[in-house]
Protein chains: 2
Amino acid sequence: MNLRDLRYLLAVAEHEHIGRAAEACGISQPTLSVQLRKLEEALGVTLFERSSKAVTPTAACGLLIDHARAAVAEVDAILAVARSLQDPLAGRFRLGIIPTLAPYLLPLVFAPLRDALPALEIEPWEEQTEVLLKRLRGHELDAALLATDVDGPDLTSRPLFAEPFLAALPPEHPLVGRAVVAEAELASDILVLADGHCLRDQALEACGRHGALGSTLRVASLSTLLNMVAAGYGTTLVPGLAAGAAQDAGIVLRPLACQARRTVRLVWRASFPRRAALQAVGTVISGRLRGFAEGAASGIV
Amino acid sequence: MNLRDLRYLLAVAEHEHIGRAAEACGISQPTLSVQLRKLEEALGVTLFERSSKAVTPTAACGLLIDHARAAVAEVDAILAVARSLQDPLAGRFRLGIIPTLAPYLLPLVFAPLRDALPALEIEPWEEQTEVLLKRLRGHELDAALLATDVDGPDLTSRPLFAEPFLAALPPEHPLVGRAVVAEAELASDILVLADGHCLRDQALEACGRHGALGSTLRVASLSTLLNMVAAGYGTTLVPGLAAGAAQDAGIVLRPLACQARRTVRLVWRASFPRRAALQAVGTVISGRLRGFAEGAASGIV
DNA sequence: GGACCCGATAGGCATTGCCTATCACGACAG
DNA sequence: CTGTCGTGATAGGCAATGCCTATCGGGTCC
């Protein structure tokens, strides 16, 4: 049995006239005659009593027609919901963001995203890289903003902007007198975040170290780390977007000689179907951050 | 969109594996692949995210799938109801019967009908011929038992049995001494039913009259008429099936010379679809009344 | 009796649904 | 690192289906 047949059935039951029902269905009278008879044969039930005067629903038809109406209504509901879902730029969009990026990037891009994509309900989700990748692969996230390269053919990424690192020094630090600091000069007293933060590895790599000082120290957030530096416990590398927060904490920032930086990428499953949403989100963010790298690298924030 | 497609959708959503879903649907994997993609294109919505590892329902799919399930359930309900309705010998069967026949025929045939057609719920409906015909044409009845010929190409009939008339005489009537009474001999003092009863016309015609005695008399039921005759107010013709009731009322019955009779017919709309039910009902009734005409005509009841 | 209305039937054409065979691609093992 | 396996996508061909126009048949109404 076909869904079309049910619509035909409803039309005939409503009009009690095959010609007019056919017209209402947009088909010819003979077609409706044939299809109706086929439906009756398929069901094994005579649905209408035909005479030259009238086409009258049988008792059996009366018992079936409510179900037919309900089925057609459900299918129409499917079509209606599908239509409202057609816009890939609408609906929930679960976006993972790493913790060293979220507090500083989100305030910058949230309003532009809302303005450019008013129907897209972006739900930020803040966790460390590995957790985000797991959730991404598990369909718990639609995309993620990461600062690392991603591997595997199941994921695709798009670079959005480069985020330069800056040397973060306590006000009393000897290097404060320098206009530019070489990355390696920080190696001796650098403080880094706890394991799992990509910023930890990036900072250590930039200054040429492979193990961290104060390995007993488990600093879970960049804001804690900044306060530690401000209090004189050591130095660190801060990502450019956190420059304002660092200065607010009383930290002195200096550009780096080799202009160490990390690239922030939008990452998604290669099979994720809402390409338009990915592209739009990526474009809004990179557009908002255009020219940021140059300004930040030179210490102008 | 097709109903089949919804079943495919449900299968893929359940198995999250196109090959196995295809197997469950009894089709090949390529067919399911193609149909699923067509459905997605028709809805304008990506329903599943495919990777080499898994086929995962999208958020949009989750919103649609409940409607799909409901639609399929409704259609399955249609099929189930249709299956239960397939037997034309089952269900309500509204049978009109004229008043001069119903009280005497129904007790005879009701049990045989119930035994032969246990699933057929026969609902007797007692009214005069013209009313029954109107209801029959208006689909309020499925068939009727009448004692008149029917006209019009919209109705079809089948003779079931012949019902002889008998002369009904008060015990003191002069004709009681005769073994056989000629129809015309009753013309002088015959009593008949009120207008609208076919028996009225049949009785008058049999005895050669064209107007009735006691035209102010409106006797609405045969049982009243029989009591009138028993009380000596006149004679009448009784249909054979009412012979027992007439004798119980104290009436003397005599066979008629010309064996006047009426034919009881089953009548239905030519377009009425439940032919099997008509035939079965007719056959049970005529079988039960087989041989009745001969016995009744000779006064043996 | 002829025109008209209505549903049924016939024949032909384009679309569709399905099949088998094959491809493309990633995973996994030797 | 290469061959094999598993999985979904693609291609080509065939039969069934749905639809059309033209026509029929039966009944009604001037």
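This passage looks at how two DNA strands sit against the protein chains in a predicted model, and at how two helices of chain A pack.

The model is predicted, so to speak of local features a pLDDT of at least 70 is needed, side-chain atom pairs count only at pLDDT 80 or more, and totals for chains, interfaces and linings use all residues. Residues are numbered from 1 along each chain as its sequence is written, chains are lettered from A and ligands numbered from 1 in the order in which they are written, and side-chain values use heavy atoms, with hydrogens and water left out.

Starting with DNA strand C, 21 residues surround the strand, a residue being near when one of its heavy atoms lies within 4 Å. The closest are A:Pro30, A:Ser33, A:Arg50, B:Tyr8 and B:Ser28. Sugar and phosphate make up 76% of the strand C atoms that come within 4 Å of the protein. Polar contacts are pairs of N or O atoms within 3.5 Å (within protein, one must be able to donate a hydrogen and the other to accept it, and residues adjacent in sequence count only if both atoms are side-chain atoms). On strand C, the side chain of A:Gln29 places a polar atom 3.0 Å from a base nitrogen. For B:Thr31, a polar side-chain atom is 2.8 Å from a phosphate oxygen of strand C, while for B:Arg4 the partner is a sugar or linking oxygen at 3.5 Å.

Turning to DNA strand D, 21 residues are again found around the strand, with A:Tyr8, A:Ser28, B:Pro30, B:Ser33 and B:Arg50 nearest. Sugar or phosphate supplies 76% of the strand D atoms within 4 Å of the protein, and bases supply the rest. A base nitrogen of strand D lies 2.9 Å from a side-chain N or O atom of B:Gln29. Phosphate oxygens of strand D are 2.4 Å from such an atom in B:Ser33 and 3.3 Å from one in B:His17.

Within chain A, the axes of helix 1 and helix 3 come within 10 Å and cross at roughly 110°. Axes here are lines fitted to C-alpha atoms over the stretch in contact, with angles running from 0 to 180 degrees between N-to-C directions; helices are DSSP runs (H or I, at least four residues) numbered from the N terminus. The two helices of chain A are therefore roughly perpendicular, a label that covers 65 to 115 degrees. In this contact (heavy atoms within 4.5 Å), A:Asp5, A:Tyr8, A:Leu9 and A:Val12 of helix 1 meet A:Leu32, A:Gln35, A:Leu36 and A:Leu39 of helix 3.

Note on methods:
Parallel < 35°, antiparallel > 145°, perpendicular 65-115°, else oblique.
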